[in-house]
Amino acid sequence: MFQSNDPSLSPVLESLRGARPLLWTTPASMAAAPSSGAPFSMDQVLSAQERFARFAPLLAELFPELAATAGVIESPLLPAAGMQAAIALPPEMGRLWIKADHALPVAGSIKARGGLHEVLEFAESLAIGQGLLRQGDDYRKLAGAAARTCFGRYQVAVGSTGNLGLSIGVIASALGFRSAVHMSADAKAWKKARLRARGVDVVEHAGDYEKAVAAGRAQVEADPCGYFVDDERSASLFLGYAAAALHLRAQLAQAGVRVDAEHPLFVYLPCGVGGAPGGIAFGLTQLYGPHVHCFFAEPVQSPCFLARMMAGCGQLPGLPVPPSVYDLGLTNQTEADGLAVPCASELAYAAVGAHLRGVVTVEDDTLYADLARLHDSEGLRIEPSAAAGFSGPRHLCGSVAGQAWLRTQGLQAHLPRATHLAWTTGGLFVPDEEYDRFLSRGRPLAAGS
């Protein structure tokens, strides 16, 4: 049974267990230098970026939507003055931008980064091992019959609530792998249908994300030609996400956005198991050090990374380590299906826990309201989970806890020159009728708040 004898923690713990929105900031005692204790290096991130470049000609051939970018899979960096006004972020607090990963081609979500990278790395390893690739080769040869015959002997599988499954299924089937996606009961029907239309075997499981992952992992362990993409433990996924930081750095420079002591960068990342936001936060921390401040955003019923952070600081006495959201009496039920995860990735926690500035939690109604605000102010279409980051500046700049943290960090004087970056994570392929339902729910909530 969860108990705490520290009265200074009780307001946060009461909000956490009561599924109420909150901002939790990482204690100074947990902070670390950008490279201390990190299980990854910047050289590995650069290697991931180079792998994407090697595969770009092949990707342009496999996916017509990538012809214009010569096979580069990237999303725009967008100024968001309309959304800034809609969420009532005053100009004197900085400027709001959006990193629009909801518009990433091929997979339609942030999961295109990690998911594609891992399958490409696996394909590259197989092709080199089978003598199908040599250094300096044009990777378009992997679209040929010999490579497809080789890849067709293997099954690539993953456990997912939706978006990672889409990314894995799409790239695996395009390369000629047999592919299977193990999906939890709360995965959206349209995502299952989209996968099946690509020839992907969708295996449905009763229970949550964790159970789907466990079932997929067990099936692949019994298959000598199986390869499991493990969202909880994969270094390749993590590094694929981390490579996004390199492109963002170029985009910020092109937009004339400075990042330094007088121009802080605040980044707000929706978080499920933690791999995608963890990878991006790792990459950004390596590039910008103390001048970037990354916050994760989680549903109030599924704050698995927050629970892991608090346990790591000794703030959840009496609970197992690592903890589950179920240990806190929470349901793990949320409309943000990709964020409905009970336990955080230990790999992501080890890589970025000491560098993360904090976590905000968000109610589903707020996700829908911000989804509608974004549509009406900027004309962007996202899914509910992708709206989680917009609560970041609201908490940081508008709450007592946020103002206190800014003071302790000496950041208040620099806010007029700050950049707030909300990372949207999915929604490109949401069917029109589904999206209309999102708007119908979100607009009254936005008007009433």
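## The largest pocket and the open sheet

Helix 2 gives the largest share of the lining of the largest pocket, with 5 residues. The model described here is predicted. Helix 2 spans 42-62, and helix 4 (111-129) and helix 10 (244-254) also each supply at least two residues of this lining.

The largest pocket holds about 300 Å³ of space. Its lining consists of 16 residues, and those that lie nearest the centre are Gln49, Phe52, Val72, Ile73 and Glu74. By residue class, the lining divides into 10 nonpolar, 4 polar and 2 charged residues.

The model also has an open sheet of 7 strands, with mixed pairing. The strands follow the order 1-10-9-8-11-3-2. At the edges are strand 1 and strand 2, each of which pairs on one side only. On average, neighbouring strands of this sheet are turned by 25 degrees against each other, direction ignored.

Helix 12 packs on this sheet and touches strand 1, strand 9 and strand 10. The direction of helix 12 makes about 120 degrees with that of strand 9.

Strand 2 and strand 3 are joined by 3 bridges in the antiparallel sense. Across this pairing, Pro79 stands opposite Trp97 of strand 3.

The table gives the residue ranges of strands named above.

| Strand | Residues |
|---|---|
| Strand 1 | residues 23-25 |
| Strand 2 | residues 77-79 |
| Strand 3 | residues 95-100 |
| Strand 9 | residues 292-299 |
| Strand 10 | residues 358-362 |

Conventions
Residues are numbered from 1 along each chain as its sequence is written. This is a predicted model: local features need pLDDT of at least 70, side-chain atom pairs count only at pLDDT 80 or more; totals for chains, interfaces and linings use all residues. Side-chain values use heavy atoms; hydrogens and water are left out. On a 1 Å grid over the protein atoms alone, a cavity is a set of points where a 1.4 Å probe fits but cannot get out, and a pocket is an open set with protein on both sides within 12 Å along at least five of seven lines; lining residues have an atom within 4 Å of a point. Grid points are joined across faces, edges and corners, and a volume is the space filled by probe spheres set on the points. Helices (H or I, at least four residues) and strands (E, at least two) are DSSP runs, numbered from the N terminus. Ala, Val, Leu, Ile, Met, Phe, Trp, Tyr, Cys and Pro count as nonpolar, Asp, Glu, Lys and Arg as charged, and the others, Gly among them, as polar. Two strands pair if DSSP finds at least two bridges between them. Axes are lines fitted to C-alpha atoms, for helices over the stretch in contact, and angles run from 0 to 180 degrees between N-to-C directions. Contact means heavy atoms within 4.5 Å.
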